[in-house]
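Reader: I'd like a close look at one charged side chain and whatever it pairs with. Could you then carry on to the other side-chain contacts?

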Amino acid sequence: VRELSPAWSPDGKWIAYLSDQTGEYEIWIRPQDGSGSPRRLTTDGAPWKHAPVFSPDGTTLAWGDRAQRLRVVDVATGKVTDVDRSGFEDLDVYSFSPDSRWLVYEKSHATRLPGLWVASLETGKAFPLGDGLTADFSPAFSADGKHLFFLSNRDYAPAFSAFEFSYVYPKATRVYAAALS
């Protein structure tokens, strides 16, 4: 059996991980102290799963898969819900808001530039944060949930290349903060 991609629950009592114990990788959960039996949370044998991430309240796990889906599972019931789907790439960067109500993730726009999207876990609605004209990535909520921090390639200060007859754009990436109120 191969087990990988462990994720500690916020209260430190549980570890979620991927295991191929049944022949296909599924998400399992077990007490962190080794007591009790592991419990399988997913049973679909779906394509490769990316590392699971716990919500701050510990009730939900999020993960992406090679079918380009972003999914969540209720830890108590094992109910799986599709959050979003990509048409270009795997959804493998995702993060919960501090109140566990929102999931922010990277998903390319129709322009094929990486962008940030957010989904309400209460309503099931997802929408883009941005217009798809800049490359935005690596989202993270502030601890109080009032800001979203991210990296973006928006700084276009061209310099003439010393080796080629063209411009280069060094240091295009900066940290940005968006107020969520």
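Reader: Let's start with Glu3: what does this residue count as, and at what relative accessibility?

Author: Glu3 counts as partly exposed, because its relative accessibility is 43% (buried is under 20% relative accessible area, exposed over 50%, and partly exposed in between, with a 1.4 Å probe and protein chains only). Before we go on, this is a predicted model, so to be listed here a local feature needs pLDDT of at least 70 and a side-chain atom pair 80 or more, while totals for chains, interfaces and linings use all residues. Numbering runs from 1 along each chain as its sequence is written, and side-chain values use heavy atoms, leaving out hydrogens and water.

Now for the partner. Glu3 meets Arg30 in a salt bridge, at 3.8 Å from N to O (that is, a side-chain nitrogen of Lys or Arg within 4 Å of a carboxyl oxygen of Asp or Glu). It's a link between distant parts of the chain: Glu3 sits in strand β1 (residues 3–8) and Arg30 in strand β3 (residues 26–31), 27 residues apart (strands are DSSP runs of E, at least two residues, and helices runs of H or I, at least four, numbered from the N terminus). Arg30 is partly exposed too, since its relative accessibility comes to 27%.

By that rule there are 12 salt bridges in the count, so let's pick out a couple of others. Asp90 and Arg66 pair up at 3.0 Å, N to O. Both of these are loop residues: Asp90 lies between β8 (80–85) and β9 (94–96), and Arg66 between β6 (60–64) and β7 (69–74), so the bridge ties together parts that are 24 residues apart in sequence. On accessibility, Asp90 is buried because its value is 16%, whereas Arg66 has 54% and therefore counts as exposed.

Then look at Asp82 and Arg71, whose side chains meet at 2.5 Å, N to O. Here strand β8 supplies Asp82 and strand β7 supplies Arg71, with their positions 11 residues apart. Asp82 is partly exposed, given its 45% relative accessibility, and Arg71, with a relative accessible area of 11%, is buried. If you follow this pair outward, you'll find a network of salt bridges that links Asp82 and Arg71 with Glu26, Asp44 and Lys49.

What about the rings? There are five aromatic pairs (rings of Phe, Tyr and Trp, using its six-membered ring, with centres within 6.5 Å; planes under 30 degrees apart are stacked, over 60 edge-to-face, the rest tilted). Take Tyr25 and Trp48: their ring centres are 4.8 Å apart and their planes at 70°, so they're edge-to-face. Tyr25 is in the loop between β2 (14–19) and β3, and Trp48 in the loop between β4 (39–40) and β5 (53–54), so this pair joins parts that are 23 residues apart in sequence. Tyr25 is buried, at 15% relative accessibility, but Trp48 is partly exposed with a relative accessible area of 35%.

Phe160 and Phe165 are edge-to-face as well, at 5.5 Å centre to centre with 80° between the planes. Phe160 has a relative accessible area of 47% and so is partly exposed, while Phe165, at 80%, is exposed. Add Tyr167 to those two and you have a cluster linked by ring pairs.
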